[in-house]
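This briefing covers helix packing, a buried charge and ion pairing. Please read it alongside the sequence and coordinates.

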Amino acid sequence: MSYETTLTALADPTRRHLLERLRDGPLAVSALARDLPISRPAVSQHLKVLSDAGLLLVEPAGTRRLYRLAPEGLDDLRAWLDRLWGDALDSFAARAHDIAREIARKETPQ
């Protein structure tokens with residue numbers, strides 16, 4: 001999946017709440033829907049978006065389906081954030097170096 005797909009899936013607060021609920025382990029739709037002010041079919045739709053984005057794994061368990069976090073689900077987003085911050089820090093370091101050179105040049109007697 002791409003980081004854009006992950007960001008789109010995470011943009012919805014209900015989906016983020018569902019991910020938080022799954023931190024402690026797999027749950028069925030009924031358990032996930034229990035404390036939400038939306039219907040079970042709506043919860044299922046949100047779970048499908050998260051699953052399609054690669055953030056969840058679905059395991060059949062008898063007549064139920066258990067949802068759990070996909071261990072590698074955030075890898076693309078993490079890689080993008082690492083590149084973003086790496087580039088930003090490199091740019092900051094280059095600018096700080098330029099400023100330090102300008103100050104040193106001004107302080108050097110001519």
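In which helix does Leu77 lie? Leu77 lies in helix α5, and the model in which it is placed is a predicted one. The points below begin with the contact between helix α1 and helix α5, then turn to Arg15, and end with salt bridges.

**Packing of α1 and α5**

- The axes of helix α1 (residues 3-10) and helix α5 (residues 75-107) come within 8 Å of each other and cross at roughly 105 degrees; since angles of 65 to 115 degrees count as roughly perpendicular, the two helices are therefore described as roughly perpendicular to each other.
- On the α1 side the contact involves Tyr3, Thr6, Leu7 and Leu10, which meet Asp76, Leu77 and Trp80 of α5, and by class this contact has five nonpolar, one polar and one charged residues.
- Leu77 has a relative accessible area of 10% and is therefore buried, given that buried means under 20%.
- Leaving aside neighbours within four places in sequence, Leu77 is in contact with Tyr3, Thr6, Leu7 and Leu10; the C-alpha atoms of Leu77 and Leu7 are separated by 7.6 Å, although these residues are 70 residues apart along the chain.

**A buried arginine without a salt bridge**

- Arg15, in helix α2 (residues 13-21), is buried yet has no salt bridge.
- The nearest side chain of opposite charge to Arg15 is that of Asp12, 4.7 Å away, and a salt bridge requires a nitrogen-to-oxygen approach within 4 Å.
- Not counting residues up to four places away in sequence, Arg15 touches Thr8, Ala9, His46, Val49 and Leu50.

**Salt bridges**

- Side chains of opposite charge can pair when their charged atoms come close, and a search of the whole structure finds six salt bridges.
- One of them joins the side chains of Asp52 and Lys48 at 2.8 Å, N to O; both residues lie in helix α4 (residues 40-52), four residues apart, or about one turn of the helix, and Asp52 is partly exposed, with a relative accessible area of 43%.
- Another joins the side chains of Arg68 and Glu59 at 2.3 Å, N to O, where Arg68 counts as partly exposed at 28% relative accessibility and Glu59 is likewise partly exposed, with a relative accessible area of 28%.
- Within helix α5, Arg101 and Asp98 are three residues apart and so are separated by about one helical turn; their side chains meet in a salt bridge of 2.9 Å, N to O.
- Both partners of that pair count as partly exposed, Arg101 at 48% relative accessibility and Asp98 at 28%.

Note on methods: Residues numbered from 1 in each chain as written. Predicted model: local features only at pLDDT ≥ 70, side-chain atom pairs only at ≥ 80, totals over all residues. Heavy atoms only, no water. Axes fitted to C-alpha atoms, helices over the stretch in contact; angles between N-to-C directions. Parallel < 35°, antiparallel > 145°, perpendicular 65-115°, else oblique. Contact = heavy atoms within 4.5 Å. Nonpolar A, V, L, I, M, F, W, Y, C, P; charged D, E, K, R; others polar. Buried < 20%, exposed > 50% of the residue type's maximum accessible area, 1.4 Å probe, protein only. Lys, Arg positive; Asp, Glu negative; His and termini not counted.
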